[in-house]
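User: Please take a close look at a single part of this model and describe it in detail. Then say what can be added about the rest.

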Amino acid sequence: MKKIVYILSVALAAAACSKPESPVTNPEPQEPVTGKVEFTAVFGEAPVVKSELSGESVLWKAGDEISILWDGGNTTAQADAAGAQANFSASVDDASEYFAVYPSKASVSLSKGALTVGIPAEQNGAFEDVNIAIAKTTERSLVFKNLCALGKITLSRNDIAKIEFKGGEGQSLAGDVTLSINGEGVPSVISTASAAESIVLTPASGDAFAAGSYYFAAIPGTLNKVEFTLTTVSGNTILGKASANPAELLRSKALNFGTLDAEGAATTMTLTFDFQGDALEGWPTAAQAANTLESKTVTYPLDGTDYEFKLHFPQTSDTKPRGVYWGYSDSYGNRLLLNGKFKYAGIPAISGYKLVKVILWQKRQGNDDKEDVPAVAISAEAPATNPSSTASMNLVSGGDRLTWKAGLGKNEIGGPYTYNLSGTEEGTNYYIVIYNVSKTPSYVAGIAKMEVTYEKVSE
Amino acid sequence: MKKTTNYVSPEVQLLQMTGMGILCASQLFDSEQNESIIENTFNW
């Protein structure tokens with residue numbers, strides 16, 4: 001149907017012409033004529049000012065596609081060749097003004113002369129995809145102006161699967177923005193629909209971003225603060241980097257946030273250690289005889305980093321096999337068992353970071369916990385001998401005993417049990433400890449997994 | 001900086017050849033360069 005309209009329109013247009021013409025030189029301005037037309041667009045003659053961006057040119061690539069809109073219609077057109085200048089062929093209707101948007105994947109609409117463009121909340125970090133630019137012409141000039149503010153981030157790791165960016169409370173970063181375009185073609189946002197307060201980057205292909213620099217596009221504005229959250233492919237390492245400093249996100253400017261995942265760069269780290277799989281090498285897997293109890297330091301490799309757990313168990317008085325170990329049973333599978341009153345599992349210490357939060361999920365340890373209720377706390381120390389009483393234990397502020405559920409089913413996970421800690425120190429071990437104040441204590445707790453959060457200590 | 005270009009698309013040339021019509025001229029859309037992108041550094 002479109003084609004028919006096009007042919008008729010061309011014929012009508014031709015009737016108004018005085019003579020046939022071939023390609024011309026130095027043509028006089030022409031009124032828009034319906035039919036197949038050629039847009040020639042330049043997209044960055046001097047692509048960048050900073051050398052850091054020189055590899056991220058805003059030159060056209062062959063196949064780059066733009067949307068073209070006019071009152072009553074729209075279409076897309078592709079660049080025919082690479083370079084600072086490229087030709088776009090499209091069938092358009094006669095209109096007093098045309099709008100063009102790059103890239104064509106950006107959602108666009110035109111209503112009563114107002115252009116609305118979707119700035120997506122989900123992006124892939126590729127400069128060519130985030131650099132949304134628009135042009136408006138009442139004649140035949142396409143002058144592309146950048147729409148968004150850009151953020152530039154760099155990754156040194158190769159296992160980051162997701163990056164989330166947020167500003168202050170209530171501050172919109174993405175959405176369907178309706179634009180006002182001034183006489184120089186510069187757009188400004190006059191309203192936002194379907195506003196999003198975060199932008200999430202995931203790789204265009206594969207599970208993880210390769211080390212390198214990436215970009216995101218956002219609605220221009222001043223953010224009260226900024227916050228990045230980086231999640232690894234495994235989901236077991238979450239790096240946070242935040243600042244209370246304001247961020248000026250300016251249209252057509254890239255704000256470089258630097259390397260987010262450099263060692264020591266994160267302001268928070270959340271690590272998840274899962275004990276539901278097979279025991280890792282070096283971990284004890286069974287209780288030890290009472291008179292042979294020996295504390296151990298064991299390693300849990302997580303996303304390329306070895307974390308040390310200090311398993312600490314002073315002698316018990318009941319002469320039963322005890323300890324802390326990654327045990328398995330046919331009925332309940334794998335879990336980390338704290339077997340015995342005042343048995344300690346030392347949470348990894350990280351230099352420069354203090355432990356601020358521990359979340360534990362419970363797994364049944366065996367038949368004994370049918371009626372008994374294990375009780376678990378977070379201790380600041382693992383004494384060489386059992387404390388004389390629970391009252392004499394040195395618990396962390398916020399690490400007070402939580403009573404765990406008794407009688408879990410075989411495949412049931414208890415919890416989460418959350419301990420928000422304060423007063424902790426950087427680079428220091430803190431301990432998960434079991435004790436019980438009930439009449440018939442089991443003295444055994446099974447841990448399915450733990451999530452621990454650290455905060456960077458100011459230098 | 002303003003640039004112009006001249007072009008008659010193959011489709012238009014075909015129309016010319018088949019006598020269905022002749023355009024007044026090739027449809028020209030000139031363009032100006034896009035803005036450069038300046039990079040600033042965030043103060044953490």
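Analyst: **One strand and its two partners**

A:Gly118 stands opposite A:Asp176, a residue of strand β14(A). The model is a predicted one, in which local features need pLDDT of at least 70, side-chain atom pairs count only at pLDDT 80 or more, and totals for chains, interfaces and linings use all residues. Residues are numbered from 1 along each chain as its sequence is written, chains are lettered from A and ligands numbered from 1 in the order written, and side-chain values use heavy atoms, without hydrogens or water.

The strand in view is β7 of chain A, residues 114-119. Five of the six residues of β7(A) are buried (under 20% relative accessible area, 1.4 Å probe, protein chains only). On one side of the account is β14(A), residues 174-181, which pairs with β7(A) in the antiparallel sense over four bridges; strands count as paired from at least two DSSP bridges.

The other partner is β6(A), residues 108-111, also antiparallel to β7(A) and joined to it by four bridges. In this pairing A:Val108 faces A:Val117 of β7(A). β6(A) and β7(A) form a hairpin with two residues between the strands, and there A:Lys112 takes a positive phi near 50°.

Elsewhere, the largest pocket holds about 470 Å³ of space. A pocket here is an open set of points on a 1 Å grid where a 1.4 Å probe fits, with protein on both sides within 12 Å along at least five of seven lines; lining residues have an atom within 4 Å of a point. Twenty residues line the largest pocket, and A:Glu263, A:Met269, A:Thr305, A:Tyr307 and A:Ile350 lie nearest its centre. The elements of chain A giving two or more residues to this lining are β20 (237-243) and β25 (305-312). β25(A) gives the most, with five residues. By class, nine lining residues are nonpolar, five are polar and six are charged. Domain 1 (2-18 + 30-266) and domain 2 (272-456) of chain A both contribute to the lining, so the largest pocket lies between them.

Chain B can be described briefly. One helix and three strands make up its elements, and along the sequence they follow the pattern β-α-β-β; helices are DSSP runs of H or I of at least four residues, strands runs of E of at least two. Chain B has 44 residues, of which 43% count as buried.

How values were computed:
Buried < 20%, exposed > 50% of the residue type's maximum accessible area, 1.4 Å probe, protein only. Points joined across faces, edges and corners; volume = space filled by probe spheres on them. Nonpolar A, V, L, I, M, F, W, Y, C, P; charged D, E, K, R; others polar. Domains from an automatic or database assignment.
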